[in-house]
Amino acid sequence: KTEEIRGIIQVIWSFREDVDSNPDFQDKVYKLWFELSNLISTDTQEGRDTASYLCRWFVFVNQIDDSNQDLLNKIAPYAGEQYNSHELLTSISRISNSNPIASGVLLEEVLKISAPEHSKEAIQQLLSNLVDSGADGEVQAKIIVSGYLKYGVTHPASWLNKILVASSSG
């Protein structure tokens, strides 16, 4: 069962470049994503690994809202299990351009399990977008930095400090 699910994930992911030419495709991906996520138990290593593979599908996410928040929160924390955290961080950063708070909340969920730091630019962009979004965004940025600090990862704190200094002087 697991190999079949991973095969489906890979095949769908291979169409990531074509999603703009077929608007219905994204809806179909979400439906399948929901169904596949219900077949995965993150109580086992095999399930966490499969959830990580599903994180590849974040390339299909353009926004985070009530219709997909629970699904994304369920899968995202396991991105690092099979080395998909770079892709996840890149997608979260991209989504943060239009939806910084929800993107920050999603990374906060990930930080409950691990501290992915494989994409310096993506983390910096998310933190910058959060700060630019106002007081609530600045609070969310500090929550993210705090999450990283719990793992002993200090780079995001220095990046946020630089962003805050630049923001206050600009």
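**Helix packing in a predicted model**

At 4% relative accessibility, serine 85 counts as buried, the cut-off for that class being under 20%. The structure is a predicted model, and its helices can be followed outward from this residue. Serine 85 belongs to helix H5, which covers residues 85–96. Neighbours within four places in sequence aside, its contacts are Ala79, Gly80, Pro116 and His118.

Helix H5 itself comes next. Its 12 residues reach 16 Å from the first C-alpha to the last, close to the 16 Å expected at 1.5 Å a residue. The buried residues of H5 are Ser85, Leu88, Leu89, Ser91, Ile92, Ser93, Ile95 and Ser96. H6, H7 (120–132) and H8 are included in what covers them.

Serine 96 also lies in H5. With a relative accessibility of 0%, serine 96 counts as buried. Once neighbours within four places in sequence are left aside, serine 96 is in contact with Ser103, Gln125, Leu126 and Asn129. Ser103 is one of the H6 residues that meet H7, and Leu126 and Asn129 are among the H7 residues on the other side of that contact.

How do H6 and H7 lie with respect to each other? Their axes come within 9 Å and cross at roughly 130 degrees. H6 is therefore oblique to H7, since an angle of this kind falls outside the ranges for roughly parallel, roughly antiparallel and roughly perpendicular. The crossing of these two helices is left-handed. On the H6 side the contact is made by Pro100, Ile101, Ser103, Gly104 and Leu107, and on the H7 side by Leu126, Asn129 and Leu130. By class, these residues divide into five nonpolar, three polar and no charged.

H6 also packs against H8. Helix H6 spans residues 100–110 and helix H8 residues 135–149; their axes are 10 Å apart, at an angle of about 20 degrees. Angles under 35 degrees count as roughly parallel, and H6 and H8 are therefore roughly parallel to each other. This crossing, too, is left-handed. From H6, the residues involved are Ile101, Gly104, Val105, Leu107 and Glu108; from H8, they are Asp136, Gly137, Gln140, Ile143, Ile144 and Tyr148. The contact of H6 with H8 has six nonpolar, three polar and two charged residues. Ile101, Gly104 and Leu107 of H6 take part in this contact and also in the contact with H7.

Within H7, isoleucine 123 offers another view of the packing. Isoleucine 123 has a relative accessible area of 2% and is therefore buried. Not counting residues up to four places away in sequence, isoleucine 123 touches Leu89, Pro116, Glu117, Tyr148, Pro156 and Trp159. Of these, Leu89 is one of the buried residues of H5, and Tyr148 is among the H8 residues that meet H6. Pro116 is also a contact of serine 85. The C-alpha atoms of isoleucine 123 and leucine 160 are separated by 9.6 Å, with their positions 37 residues apart along the chain.

Earlier in the chain is helix H3, residues 45–54, which is mostly covered: eight of its 10 residues are buried. The buried residues are Gly47, Arg48, Asp49, Thr50, Ala51, Ser52, Tyr53 and Leu54. They pack against helix H1 (2–13), helix H2 (23–39) and H4.

The loop between helix H4 (69–75) and H5 holds tyrosine 83. Most residues other than glycine have a negative phi. Tyrosine 83 has a positive phi of about 65 degrees although it is not a glycine. Is tyrosine 83 buried or exposed? With 72% relative accessibility, tyrosine 83 counts as exposed, because the class begins over 50%.

The last residue to consider is serine 169, in helix H9, which runs over residues 155–169. At 62% relative accessibility, serine 169 counts as exposed, whereas the two H5 serines discussed above, serine 85 and serine 96, are buried. The C-alpha atoms of serine 169 and tyrosine 78 are separated by 38 Å, and the two residues are 91 residues apart along the chain.

Key: Residues numbered from 1 in each chain as written. Predicted model: local features only at pLDDT ≥ 70, side-chain atom pairs only at ≥ 80, totals over all residues. Heavy atoms only, no water. Helix = DSSP H or I, 4+ residues; strand = E, 2+ residues; numbered from the N terminus. Buried < 20%, exposed > 50% of the residue type's maximum accessible area, 1.4 Å probe, protein only. Contact = heavy atoms within 4.5 Å. Axes fitted to C-alpha atoms, helices over the stretch in contact; angles between N-to-C directions. Parallel < 35°, antiparallel > 145°, perpendicular 65-115°, else oblique. Left-handed = near helix turned anticlockwise from the far one by under 90°. Nonpolar A, V, L, I, M, F, W, Y, C, P; charged D, E, K, R; others polar. Expected span 1.5 Å × (residues − 1).
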